[in-house]
Amino acid sequence: MTGLASMTQDPDDMAERSADERQGALERRRRAPHRVTSSTRSIALLNPLGDYGIGGYTHELAEGLVAAGVTADVYSSSSPAVQALPRRHRLYPVLGSMLLKQKAKLARGAPVAPPPIAPRPAVLDRPQRVAESVAGSASPGSLVAAATTAARARLRPLVLASELLLHLRSRRYDLVWTQWPLLGGYDPWLRRFCRALGMPLVHTVHNVLPHDSPPEVAPLYRAVYEQYDALIVHSDYAARELAELAPAVAARTMVVPHGTYTYFPDRSAARADVRRQLELPEDRLVVLFFGGVRPYKNLDALLEALPHPALADTVVLVAGHESGYPDLVPGDTLGRTRARAAALGIADRLRLLSGPFDATTTAELFAAADVVALPYLKSYGSGLLLQAMTFGKHVLATRTGGMDEHLVDYPWHTMLEATDPDAVIAGLREARAAVRSNPPPARPALPKLAWPYLAEVTLAGIEARLGRGRA
């Protein structure tokens with residue numbers, strides 16, 4: 001099982017997949033049920049995050065835009081795994097770093113080598129900390145140093161935003177399209193400058209509010225969303241949530257579903273080998289819980305359901321890492337889950353693998369699974385849902401976040417009617433019967449979720465909201 005043994009990808013394999021992906025994109029485009037003609041020719045996609053979820057989405061969106069005939073450049077601090085993927089769009093891994101150091105290469109229009117990903121600077125509270133550190137000191141040198149540090153902290157966002165804006169204008173992009181509401185060291189100036197200079201701003205609202213966020217963050221996000229000319233959400237559910245938070249943006253909002261993925265290799269043939277390595281007999285129902293393990297994803301209900309006698313043949317594969325819990329175990333990225341399993345007496349019914357994982361490993365883990373569990377308490381959509389659909393897995397999910405909207409044309413699913421363990425038990429029993437009687441295909445054709453189609457439809461909606469005509 002190559003992916004579990006190594007986090008690296010073979011370059012020759014990646015080159016072969018690049019050709020396959022191009023052919024696949026053409027096939028999906030031919031199958032698309034609708035075509036539109038866009039007057040937008042070039043787009044700058046800004047994603048300051050270094051994670052796999054939004055990074056993968058941005059990659060797929062850019063590829064879809066290219067297939068639709070639009071130049072797409074991604075400015076990002078995306079993960080090394082996403083940076084390594086074959087692509088037809090240009091990637092500038094500069095956000096989150098000091099863009100000043102990259103200006104020479106940016107001016108030439110050449111993608112630059114990925115710099116270290118810097119954490120989001122706490123610009124607003126840094127001067128206060130500096131002042132506290134010199135309190136009680138009468139040294140003029142210390143006071144000057146503190147004042148200089150505070151001034152640099154205040155000026156840094158302005159300098160970063162100014163230089164990036166000048167670069168974007170020099171490349172004559174038709175749109176600036178952000179993928180996360182907070183732009184790190186570029187906040188708050190970049191959006192203000194774009195609006196002042198008449199550069200249209202579009203934003204994909206992946207989460208209306210951050211997961212597990214306190215109520216006091218709502219005004220900040222409302223103010224950010226109100227600065228955009230058009231906003232994209234992935235479901236009617238999310239559109240209603242956004243309209244409730246920020247009524248002023250309702251007319252600027254459009255619903256475009258999250259698309260399936262193209263950059264994962266087909267590792268369905270590895271199923272038997274992966275299950276053998278993980279000691280998963282073929283007669284067991286393997287339920288995959290993948291990615292970030294956070295409170296809102298409700299893994300606890302799945303674990304508490306597992307001891308039920310009706311699920312004696314069920315094994316849960318948890319592949320990812322924990323965050324957001326008050327009782328995390330230091331040094332063990334799945335320590336809380338391990339402890340919960342021991343307390344419930346189901347340790348032998350669990351397989352735990354610490355993530356994150358590259359594309360090959362991800363494909364192999366999905367190949368080993370029969371059901372993907374999404375018993376979420378709250379969400380605004382799930383990239384993991386689309387991964388499950390990409391790989392042709394039976395989906396067990398709640399309706400939150402509009403997951404039921406995505407599953408309308410995907411018959412291989414079971415909707416949970418509640419989020420408690422009893423509902424999960426009933427759902428797993430139904431899913432097991434469905435998997436055995438009507439297993440889904442390995443790579444189902446889902447043309448309405450193909451990225452070239454979604455990109456074209458999205459552009460049509462954006463242009464309508466910007467008052468632009470057709471080419």
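**Salt bridges and two parallel sheets**

In this predicted model, the salt bridges add up to 21. Three of them are worth walking through, along with the sheets and helices around them.

Start with Arg90, which pairs with Asp73 at 2.8 Å between the closest N and O atoms. This one links distant parts of the chain, with Arg90 sitting in strand 3 and Asp73 in strand 2 (residues 71-76), 17 residues apart. The two ends differ in exposure: Arg90 has a relative accessible area of 29% and is partly exposed, whereas Asp73, at 1%, is buried.

Next comes Arg195, whose side chain meets that of Asp229 in a salt bridge (3.7 Å, N to O). Arg195 belongs to helix 8 (residues 189-196) and Asp229 to the loop between helix 9 (218-225) and strand 6, so this bridge ties together parts that are 34 residues apart in sequence. Here both partners are partly exposed, Arg195 with 42% relative accessibility and Asp229 with 24%.

The third case is Arg336 with Asp300, a salt bridge at 3.0 Å from N to O. Arg336 is in helix 13 (residues 335-344) and Asp300 in helix 12 (residues 299-305), so the two tie together parts that lie 36 residues apart in sequence. At 11% relative accessibility, Arg336 falls under the 20% cut-off and therefore counts as buried. The pair doesn't stand alone, either: through salt bridges that share partners, Asp300, Glu304, Asp327, Arg336 and Arg340 are joined into one network.

Now for the sheets. One is open and built from seven strands in the order 3-2-1-4-5-6-7, with parallel pairing. Its edges are taken by strand 3 (90-92) and strand 7 (253-255); each has a single partner strand, so one side of each has no neighbour in the sheet. Between neighbouring strands, the turn averages 20 degrees, direction ignored. Within this sheet, strand 5 (residues 201-204) and strand 6 (residues 230-233) pair in the parallel sense over three bridges, and Val202 is found opposite Ala230 of strand 6. Helix 10 (residues 236-245) packs on the sheet, where it touches strand 6 and strand 7, and its direction is at about 135 degrees to that of strand 6.

A further open sheet has six strands, ordered 10-9-8-11-12-13, and its pairing is parallel too. Strand 10 (350-354) and strand 13 (413-415) are at its edges with a single partner strand each, so one side of each goes without a neighbour in the sheet. From one strand to the next, the twist averages 20 degrees. Strand 8 (residues 285-293) and strand 11 (residues 371-374) run parallel and are joined by two bridges, with Leu288 placed opposite Val372 in strand 11. Helix 14 (residues 359-368) packs on this sheet and touches strand 8, strand 9 (314-322), strand 10 and strand 11; its direction makes about 145 degrees with that of strand 8. Helix 15 (residues 383-390), for its part, lies across strand 8, strand 11 and strand 12 (394-397), at about 165 degrees to strand 11.

As for confidence, the chain averages a pLDDT of 82, and 78% of the residues score at least 70. Residues 2-19 are below 50, and this stretch has 33 contacts in the model beyond near neighbours in sequence. Residues 97-138 are also below 50, with 62 such contacts. Where pLDDT is low, the predicted coordinates shouldn't be read in detail.

Terms used. Residues are numbered from 1 along each chain as its sequence is written. This is a predicted model: local features need pLDDT of at least 70, side-chain atom pairs count only at pLDDT 80 or more; totals for chains, interfaces and linings use all residues. Side-chain values use heavy atoms; hydrogens and water are left out. Two strands pair if DSSP finds at least two bridges between them. Helices (H or I, at least four residues) and strands (E, at least two) are DSSP runs, numbered from the N terminus. Axes are lines fitted to C-alpha atoms, for helices over the stretch in contact, and angles run from 0 to 180 degrees between N-to-C directions. Contact means heavy atoms within 4.5 Å. A salt bridge is a side-chain nitrogen of Lys or Arg within 4 Å of a carboxyl oxygen of Asp or Glu. Buried means under 20% relative accessible area, exposed over 50%, partly exposed in between (1.4 Å probe, protein chains only). pLDDT is the predictor's confidence in each residue, from 0 to 100.
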